[in-house]
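The following exercises concern interfaces in a protein structure. Each task is followed by a solution in steps.

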Amino acid sequence: MGKSKTNIVKTTTWSAGPGCHGGCGVLAHIKDNKLIKIEGDPDHPWNQGRLCARALAMTQYIDHHDRLKSPLKRVGKRGEDQFVEISWDEAFDIIEEKMKAIRDDFGPESMIFSMGTGRDIGPWICMLAYAYGSPNVMFALSGNACYSPRIAALDTVQGDYCVFDAAQWLPGRYDNPEYKVPECMIIWGYNISATCPDNLFGHWIIDLMKKGTKLITIDPRLSFFASRSKHWLQIRPGTDAALALGFLHVIIKEQLYDQNFLETFTDAPRLVRNDTGKLLRESDVLKNGSRDNFVVFDNQTNTIIIWNTHKQEYSNSRSTPSLTGLFEVELLNGKTITCATVWDKFKESCAEYTPEKVEKITLVLAKDIEKAARLYAKAKPASIHWGVPIDMTPEITPLCHAIASLWALTGNLDVPGGNVFTRSAFNAVAYALPGAEGVIKLKDQAQDKTRIGKDEYGPFNKFIWRCQTDKVIEQIFSEKPYPVKGLWMQTCNPLSGIGLDPKLWQKALEKLDFIVGVDLFMTPSLRYADIILPAATFLEKDGVRSWWVPLQTINKALTVDGCRPDVEINFELSKRFDPDFKWETIHDLFDEILKPSEMSFDQLSKKGWALPPENHASRPYFRHEKGLLRSDGMPGFATPSGKFELYSTLREKWGLEALPYFKEPPFTPISRPDLFKDYPLILGTGRRSPAFFHAEHRNIPWLRTLDPDPVVEIHPETARKNKISNGEWVIVENWMGKARFKAKVTKIVPPWMVMAAHGWWFPEKKDDPLFHTFESNINMLIPMNEQGKDGLGTPMKHLLCRIRKEVTGVKNNEI
Amino acid sequence: MKSNKNGLLIDYEYCTGCFACTVACCQEHGWEAPLSGMKVMEIVQDLPKDKAYLTFLPFPTELCVLCAKRTQKGLDPSCVKHCMANCLTYGNLRELALELEKKPRMVLWSPR
Ligand code: SF4
Ligand code: SF4
Ligand code: SF4
């Protein structure tokens, strides 16, 4: 046999493999259809040659002896390990028959289509669900509490999402003359360890630090950033909104805000009725007035004038709307009421959050709150990067509202080096996300009626196109208003990672008639599936990535016998479920997604990646000034009223508080002193590990050796009190349940808190078909159904617990 | 003047403990876990007033051969190339020593 050549395939990381939200350019060295090496692509603007541990471990992943390589059919009971191999054709036939029967007997909405983290899977799950006819696509975390709550919250008050600017839109990156390095950055609940958050590359922050950016870090743990910050604010978990309001208090009191932005781009002068607490509308004061138009008081003429939302202008263009004052206004019905301005109301919301009061709530010293607020507000430009803990609290929307007000009022919105609006590059959108309509959609909007949680929660009607996860689980048991019969579960492992209260999930899985699991390895959750389909890594598939920038293709570098890419699996079944399915091949579909870029899949694939051109709505800066954000081309924001809304019109419409506020979360020493007596430690969960992506990678030797055991971090003082030594096994427990962890005694955590790692199961322990998934699973201590009033968020970063040394000689299942 | 020996300059201030270097070495040299030419240590330094400081220190082990095969071809060692924080530099020991003066919190390592 002749010596075969090594081929280098350029592609993009996204999905199974590193498991992340992707974006790295990589060079895959392929020989005889085998991956022999993977390297970072030095020419790629995203990672510039760098690559993380999980991507560098791909050779161990692709050829892993435990990879699923054939479709399987369950022959035993749910939860057992009785499966037989079947062909792809047989698997597809069974799925088609069973799912069509559910559709005929109970309606398409009785099938739930569930995914884990947001990767190159969301569009294909939606495609399949919609081809089948079900609106019920589920992201399986309680309160949908990862990313989409933050996106929805920002869409609510500022019309678009935004992220910190690391010049990711600009050719030449940091060297581009349009760019400015932020003088200051707030790192709010985010730790680095090679997790790339929210479709950004985490280590861009390191690049900026080297270029002089000063940090303020908000984190209860002594993180990498905390140690290297000008100000580290060691916050009590769950009190972030109080801290944000405290910052606003200082900024307003010391007049550190951008007056021009406030007057030009916010709703500050709008009048709020003191009798109802709601916005005064044109329809309240003028005959034939519109409900969409608002009222301000004009200083010059001493009369009210109207903000015409449709025209995006005041009825008198020479007016100077008053930002402050108390005004008497006569209503249409002849009644006279008093009104205040939004700005006065907003200031009132912040007024009570003095640094002293905020110190009491958050445990952050008042003087540090003041110093940090001043540093951030005076730095030009400055940015904020927030992590997923922001989503993981029930009052997530008011919290985001307060933080968004910080970057808006300090004039840091859509400026170089600030927080910059971000849209899918070239507006190429695969599937509906908050604020964006995709190519893949329900055929008929009427089908959306039955989406679970839609009627109950405002954001689910406007921004969130998934079902509300807690309500789905509830409905599986209640069968009201209709029964849930089947589950499509694709790269999603609720019994080990994404499912809170996993025993509840186990019961739910037991109750269903038909479950399909699609994954790369056998997982505890797959043991409940009727049919299992083996999926592929990112190196084994074609795809497109349009999440923020750049626009990229994923290019198939090799194939693994027996496995198929998610997109191909779902495409095949979509055709079977929908006789009018729109696309012939997946490349037709990719081409349609890429259409706004005027490139086909093949063209983009040859280029590798593309950045949107100047003056495109998906490229910064100053888009609210240039009129690039609104569909009518007017300056302003894509909010219902065109302004940055300090007082949210949508929240008012949804019957929720329209101004930001802080509310103590449900299970803290303050809100539940009764529980705190028995469970005297704050339980934090979910600190990131560079070795793993959530519940994945425990079976990859190079990675597992970096982080071999489920660890709970305990402060030395707390360890001493509880007679626990470093490396000992301990039980972490509360009223919900318990789990065992290895003690890591460290000053990284404060004495009043422990931090337990998440996503633990033991793929190597094959004596149990469920791989001991309930043994060291911190979710055993976390309840479902604690979402916020708008259906979003969950209290998974601030619970209560106690710890004790594990008694040896007792079997694991008796702990 | 150049030394005839090369080494690694380690800017531990920016090392985030991401382990890319450790796994890059495993991939390059085919090490089986837990072997690797690079270990990364987490050090929680105690400071006065009950304060602490978190440092990660990438430490080349007895197995590090400075990626001789790569450097002969003019490539950076695999760990240096992939370091997520760009905090490893490969080069001539004397030249690297001069860099030490320019920035605090670095260490210079010479191979066995
Ligand atoms: S986690 Fe980050 S570095 Fe690793 S592959 Fe994903 S985007 Fe790249
Ligand atoms: S220089 Fe090469 S051999 Fe040495 S640690 Fe780095 S990758 Fe391993
Ligand atoms: S790759 Fe770089 S930043 Fe990451 S652990 Fe190694 S030396 Fe540190």
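**Exercise 1.** State which residue of chain A forms a salt bridge with R70(B), and characterise the interface of chain B and chain A.

*Solution.* Step 1. R70(B) pairs with E39(A), their closest N and O atoms lying 2.8 Å apart; a salt bridge here requires a side-chain nitrogen of Lys or Arg within 4 Å of a carboxyl oxygen of Asp or Glu. The model is predicted: local features need pLDDT of at least 70 and side-chain atom pairs pLDDT 80 or more, whereas totals for chains, interfaces and linings use all residues. Side-chain values rest on heavy atoms, without hydrogens and water, residues are numbered from 1 along each chain as its sequence is written, and chains are lettered from A in the order in which they are written.

Step 2. Across the interface of chain B and chain A, five salt bridges are found.

Step 3. The two chains bury about 3,000 Å² between them, counted as accessible area (1.4 Å probe) lost on being put together, summed over both. Of this area, 59% is on carbon and sulfur atoms. Y14(B), Q27(B) and M84(B) supply 24% of the area that chain B buries against chain A.

**Exercise 2.** Determine how many salt bridges cross the interface of domain 2 of chain A and domain 3 of chain A, and describe the area buried there.

*Solution.* Step 1. The rule finds zero salt bridges between domain 2 of chain A and domain 3 of chain A.

Step 2. These domains, whose bounds come from an automatic or database assignment, bury about 1,100 Å² between them, with 64% on carbon and sulfur atoms.

Step 3. On the side of domain 2 of chain A, F463(A), W548(A) and V549(A) lose the most area to domain 3 of chain A, together 59% of what that side buries.
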